[in-house]
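User: I am in my first year of study and would like a close look at one part of this protein. Please take the pair of neighbouring strands with the salt bridges, together with the loop that joins them, and explain what is found there.

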Amino acid sequence: MKFDMTITDNFASFYDEQEGSHIFIDSFDNENFEVRIGSLEDSKPVGNIVAL
């Protein structure tokens, strides 16, 4: 699995080479994190994580 993260962009992505899919995690406040799965061109939201 390949992992990319940039703190300044509030974005992380993971690439599963076996499945051929990406996992994207976005946060603009470092409290609410949106998780999406799919390709670079088309991803679908799968949930949110709230950090306390």
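**Strands S3 and S4 and the loop between them**

Analyst: From the N terminus on, the elements of the protein chain follow the order β-β-β-β-β. The chain therefore counts 5 strands and 0 helices, helices and strands being DSSP runs numbered from the N terminus. The structure is a predicted model, and its confidence deserves a word before the details. The mean pLDDT of the protein chain is 84, and 83% of its residues reach 70 or more. Confidence is lowest in strand S1 (residues 2–6), with a mean of 56, and highest in strand S5 (residues 43–50), with a mean of 94.

Some totals for the chain set the scene. Of the 52 residues in the protein chain, 17% are buried. The chain exposes about 4,100 Å², and 55% of this area is supplied by carbon and sulfur atoms. Among the contacts with a separation of 6 or more, 1% are accounted for by residues 24 or more positions apart.

The part requested may begin with the loop. Ser-27 is found in the loop between strand S3 (21–26) and strand S4 (32–38). Is Ser-27 buried or exposed? The relative accessible area of Ser-27 is 2%, and it is therefore buried, since the cut-off for a buried residue is under 20%. A polar atom of the Ser-27 side chain lies 2.9 Å from the backbone oxygen of Asn-32. Leaving aside residues up to four places away in sequence, Ser-27 touches Asn-10, Asn-32 and Phe-33.

Asn-30 also has its place in the loop between S3 and S4. The relative accessibility of Asn-30 is 54%, so Asn-30 counts as exposed, the cut-off being over 50%. The backbone of Asn-30 has a notable angle: phi is near 55 degrees, a positive value in a residue other than glycine. The two loop residues thus offer a contrast, with Ser-27 buried and Asn-30 exposed.

The next topic is the charged side chains. How many salt bridges does a search of the whole structure find? The search finds 3 salt bridges. In one of them, Arg-36 pairs with Asp-26, and the closest N and O atoms are 2.8 Å apart. Arg-36 lies in strand S4 and Asp-26 in strand S3, so this pair ties together parts that are 10 residues apart in sequence. Both partners count as buried: Arg-36 has a relative accessibility of 18%, and Asp-26 has a relative accessible area of 15%.

Arg-36 forms a salt bridge with Glu-34 as well, and here the closest N and O atoms are 3.9 Å apart. Glu-34 counts as partly exposed, because its relative accessibility is 32%. A further salt bridge brings together the side chains of Lys-44 and Asp-42, at 3.4 Å from N to O. Lys-44 is partly exposed, with a relative accessible area of 48%, and Asp-42 is also partly exposed, at 45% relative accessibility. Salt bridges that share partners join Asp-26, Glu-34 and Arg-36 into one network.

Two further residues show what the strands themselves touch. His-22 lies in strand S3 and counts as buried, at 14% relative accessibility. Not counting residues up to four places away in sequence, His-22 touches Phe-14, Tyr-15, Arg-36, Ile-37, Gly-38, Ser-39 and Leu-40. Arg-36, already met as a salt-bridge partner of Asp-26, is thus also one of the residues that His-22 touches.

Val-35 lies in strand S4. Val-35 counts as buried too, because its relative accessibility is 14%. Which residues does Val-35 touch, not counting residues up to four places away in sequence? They are Ile-23, Phe-24, Ile-25, Lys-44, Pro-45, Val-46, Gly-47, Asn-48 and Ile-49. Among them, Ile-23, Phe-24 and Ile-25 fall within the range of strand S3 (21–26), while Lys-44, Pro-45, Val-46, Gly-47, Asn-48 and Ile-49 fall within strand S5 (residues 43–50). Val-35 and Ser-13 are 22 residues apart in sequence, and their C-alpha atoms are 9.6 Å apart in space.

In summary, the loop between S3 and S4 holds Ser-27 and Asn-30, and the salt bridge of Arg-36 with Asp-26 ties strand S4 to strand S3.

How values were computed:
Residues are numbered from 1 along each chain as its sequence is written. This is a predicted model: local features need pLDDT of at least 70, side-chain atom pairs count only at pLDDT 80 or more; totals for chains, interfaces and linings use all residues. Side-chain values use heavy atoms; hydrogens and water are left out. Helices (H or I, at least four residues) and strands (E, at least two) are DSSP runs, numbered from the N terminus. Buried means under 20% relative accessible area, exposed over 50%, partly exposed in between (1.4 Å probe, protein chains only). A polar contact is a pair of N or O atoms within 3.5 Å; within protein, one must be able to donate a hydrogen and the other to accept it, and residues adjacent in sequence count only if both atoms are side-chain atoms. Contact means heavy atoms within 4.5 Å. A salt bridge is a side-chain nitrogen of Lys or Arg within 4 Å of a carboxyl oxygen of Asp or Glu. pLDDT is the predictor's confidence in each residue, from 0 to 100. Accessible areas come from the Shrake-Rupley method with a 1.4 Å probe; for residues, only the protein chains shown count as cover.
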